[in-house]
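Here are some notes to read alongside the structure, set out as numbered points. Please keep the model open while you go through them.

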Amino acid sequence: MAVVKESLIDALREHFGFDSFKGNQEIIIKSILAGKDTFVIMPTGGGKSLCYQLPALMSPGCALIVSPLIALMKNQVDLVRSYSSKDNVAHFLNSTLSKAQIKKVRTDLLSGKTKMLYVAPETLTKQENLDFFRELEISFIAVDEAHCISEWGHDFRPEYRRLKEMIEQINDQLPIIALTATATPKVQSDIVKNLGLRDPEIYLSSFNRSNLYYEIRPKRKKEQTIREIVKFIHLHKGKSGIIYTLNRKTTEELADMLVANNIKAVAYHAGLDAGTRAQRQDMFLHEDVDVIVATIAFGMGIDKPDVRFVIHYNIPKSLENYYQETGRAGRDGLEGICVCFYSYKDVQKLEHLMRDKPLSEREMGAQLINETVAYAESSACRRKVILHYFGEKYEESQCNNACDNCRNPKEKIEVKNRVVVVLKAIQSLEERFGTEYVVNIITGKVNPQITTYQHNQLEVFGQGKEFDAHFWNSLIRQMMLEDLIEKDIEEYGLLKLTEKGHSFLKEPYSIMVSLNHQFEEDGGEDEEV
Ligand code: ADP
Ligand code: ZN
């Protein structure tokens, strides 16, 4: 790449009119201009686009930007054009263009006027495009939303897996810049591996959103939960908020209930026609309604800076999803309240939704759900759990009471002896039974199967009958979080001891947990999946 003469800050002013760089932008841009493979991990709103846009404008040739959403490509290009006086500085190439439009794009590319070309992964699967790009001067390839390459990401796109081989066909020396807002350590290593990044410079920004308040509330019966939501919204009257639910029908029901309670609300889900969806999204953006009740179909690319609360009526299917969805609150840096209603029944619903998926997907899904359960049931600082999930170290003291657990620490109890009971029960059942059966044994409940197997003769039978099944279910979940036991997914959720569980049995130690029977109550019973 050619030597850059003008200073970066001058270029920033000239092209974008900004006076200073945000976060890691400058050092990232230097790395890109030096022709290095670069990996940018930055939360939404951090200013990722500029990281490749500025070097693209400063480098000879045109940068190719791979972007997964055709619908957003036009907006991105319009935005770039709005900073420039020349419309041909940026183009997009995807299946929505007519033959004449494609011809115009190609002419501009060949003339050297275009500095950024946004492409869908599909565009790169077409040989004629690859042949065309091979003849062009390309400055670098930017892969936006790079987490789409990983099955562990929240938005897996199989076409992303073929990017590396397609890029190599254009020119195997091109620097590659990967960008994402969502990289857990697992996703990160998938990205580096699948894009074949060569000794990349990795820039990881903090994911902490210090202006967001996180809270988990036990989900109770439907009417009660809705009453709580109505009360919450009345307390934040006139403020914008999003409520996420698992299914379409609930969005409608909930929106109706809110309207009946004098709250300006609409439902939003993928089952509505495109016109209605666009209309409702506009109503929300223009504040004709305060609250939008939506499935996760809502939110991608929505940039309303003053969303003041995000409520989850159902627990999301991964912590990553939760982070993204709550991340839509407080984009302007001001207050954002994130409340998630949690009941273990909703977890079972999520598990149920995966029942027909292939084993590998079920395994992955189950692990992601477990991490969400760990978050919901944890008594630790919510922020700490979230940031830990993103591989970031964080001390609870930094939270400033901006989560429910820091504000109202939960009471903990000693469970050493009871943990021993559970471990012994699982062991004497030879690790061949699931939670429900184990709990029946501990609480001394007889049923035909137990009688047939003569498990009522076991020493542990009825050893925990002073507590009810809710207690033991909750303890078993906590023990999974503590890595003392695990569920065997391949064999229908049979409970097994981990290595840590075995050593605990040999030498039990004090173990304090906060129990969450409250999450066992009626929450979500009356909602279908
Ligand atoms: P991301 O893609 O990481 O979500 P964007 O690229 O959309 O973030 O940038 C978020 C916002 O920050 C945009 O409105 C953008 O114009 C603004 N922005 C980016 N860089 C700067 C900067 N150096 N100074 C001021 N504003 C910036
Ligand atoms: Zn906290």
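1. In this predicted model, it is worth beginning with a pair of helices, α19 (residues 435-443) and α21 (residues 469-481), which pack at an angle of about 130° with their axes 10 Å apart. Angles over 145 degrees count as roughly antiparallel and those from 65 to 115 as roughly perpendicular, and α19 and α21 are therefore oblique to each other. Their crossing is right-handed.

2. Which residues make this contact? From α19 they are T435, V439, I442 and T443, while α21 contributes A469, W472, N473 and I476. Sorted by class, the contact of α19 with α21 holds five nonpolar and three polar residues, with no charged ones. As you look at these positions, it may help to remember that an α-helix has 3.6 residues a turn, so residues three or four places apart point the same way.

3. Helix α9 (residues 185-194) has V187, Q188, D190, I191 and V192 as its buried residues, and these buried residues pack against the strands β1 (38-41) and β6 (176-180). Just after α9 comes G196, which takes a positive phi of about 60°.

4. Finally, please look at the surroundings of ligand 1, where the shell is formed by F18, F21, K22, Q25, M42, T44, G45, G46, G47, K48, S49 and L50. Helix α3 (residues 48-58) supplies the largest share of this shell, namely three residues. By class, the shell around ligand 1 divides into four nonpolar, six polar and two charged residues.

Key:
Residues numbered from 1 in each chain as written. Chains lettered and ligands numbered in written order. Predicted model: local features only at pLDDT ≥ 70, side-chain atom pairs only at ≥ 80, totals over all residues. Near = placed C-beta within 6 Å. Helix = DSSP H or I, 4+ residues; strand = E, 2+ residues; numbered from the N terminus. Nonpolar A, V, L, I, M, F, W, Y, C, P; charged D, E, K, R; others polar. Axes fitted to C-alpha atoms, helices over the stretch in contact; angles between N-to-C directions. Parallel < 35°, antiparallel > 145°, perpendicular 65-115°, else oblique. Left-handed = near helix turned anticlockwise from the far one by under 90°. Contact = placed C-beta atoms within 7 Å. Buried ≥ 20, exposed ≤ 12 C-beta atoms within 10 Å, placed from the backbone.
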